[in-house]
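Q: I would like a close look at the charged pairs in this model. Please walk me through them step by step.

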Amino acid sequence: MEKAVRRYDELIEENRDEPKAYYMHTRERIYPSIAVFDALLADQEAVDFVTDNYRCRSNGMASKIKMIFKIPGLYKIVPKFFFSMTQKSFGP
């Protein structure tokens, strides 16, 4: 925790010129996450735990995605599908 607090303070100092309007995102969400992540990286056991946790959580979906992409020609359709979704969400 001490490493995380120290890293958070460093991030605040490195970005002291940022507008106060950003504080809600940076100082309350982004910087604490970066600080904890950096502190965890210093401990190999923590790195292994986080890696294994995400690997375990994604195994089911990974196998489904692998099966779906065995369908011939699907790799051409998927980008068009996601592009059409983003156009509806973010378009005019």
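How many salt bridges does a search of the whole structure find? Please take the ones around helix H1 in detail, then add what you can on the surroundings.

A: This is a predicted model. A search of the whole structure turns up six salt bridges. As background, side chains of opposite charge can pair when their charged atoms come close.

Start with Arg-7. Its partner Glu-10 forms a salt bridge with it, and the closest N and O atoms are 3.3 Å apart. The spacing fits a helix: Glu-10 and Arg-7 are about one helical turn apart, because they lie three residues from each other in helix H1 (residues 2-14). Neither residue is buried. Glu-10 has a relative accessibility of 41%, so it counts as partly exposed. Arg-7 is at 21%, and it also counts as partly exposed. The cut-off for buried is under 20%.

Arg-7 has a further partner. Its side chain meets that of Glu-14 in a salt bridge, at 3.4 Å from N to O. Glu-14 is exposed, because its relative accessible area is 54% and the exposed class begins over 50%.

Next comes Arg-16. Its side chain meets that of Glu-13 in a salt bridge, at 2.4 Å from N to O. Arg-16 counts as exposed at 53% relative accessibility. Glu-13, at 45%, counts as partly exposed. Shared partners also link some of the bridges: Arg-7, Glu-10, Glu-14 and Asp-38 are joined into one network.

Now the surroundings. Thr-26 sits in helix H2 (residues 23-41). Thr-26 counts as buried, because its relative accessibility is 10%. Leaving out residues up to four places away in sequence, Thr-26 touches Glu-18, Tyr-31 and Pro-32. The C-alpha atoms of Thr-26 and Ile-12 are separated by 9.0 Å, with their positions 14 residues apart along the chain.

Last, a nonpolar stretch of surface. Met-61, Ile-65, Ile-68, Phe-69, Ile-71 and Tyr-75 form a nonpolar patch there. Together they have about 620 Å² of accessible area. Helix H3 (residues 44-68) gives the most to this patch, with three residues. Ile-65 has its place in helix H3. Its relative accessible area is 40%, so Ile-65 is partly exposed. That value passes the patch cut-off of over 30%.

Technical notes
Residues numbered from 1 in each chain as written. Predicted model: local features only at pLDDT ≥ 70, side-chain atom pairs only at ≥ 80, totals over all residues. Heavy atoms only, no water. Patch = residues over 30% accessible without salt bridge, like charges linked within 9 Å, V, L, I, M, F, W, Y side chains within 5 Å. Areas by Shrake-Rupley, 256 points an atom, 1.4 Å probe, with all protein chains shown as cover. Salt bridge = Lys/Arg side-chain N within 4 Å of Asp/Glu carboxyl O. Helix = DSSP H or I, 4+ residues; strand = E, 2+ residues; numbered from the N terminus. Buried < 20%, exposed > 50% of the residue type's maximum accessible area, 1.4 Å probe, protein only. Contact = heavy atoms within 4.5 Å.
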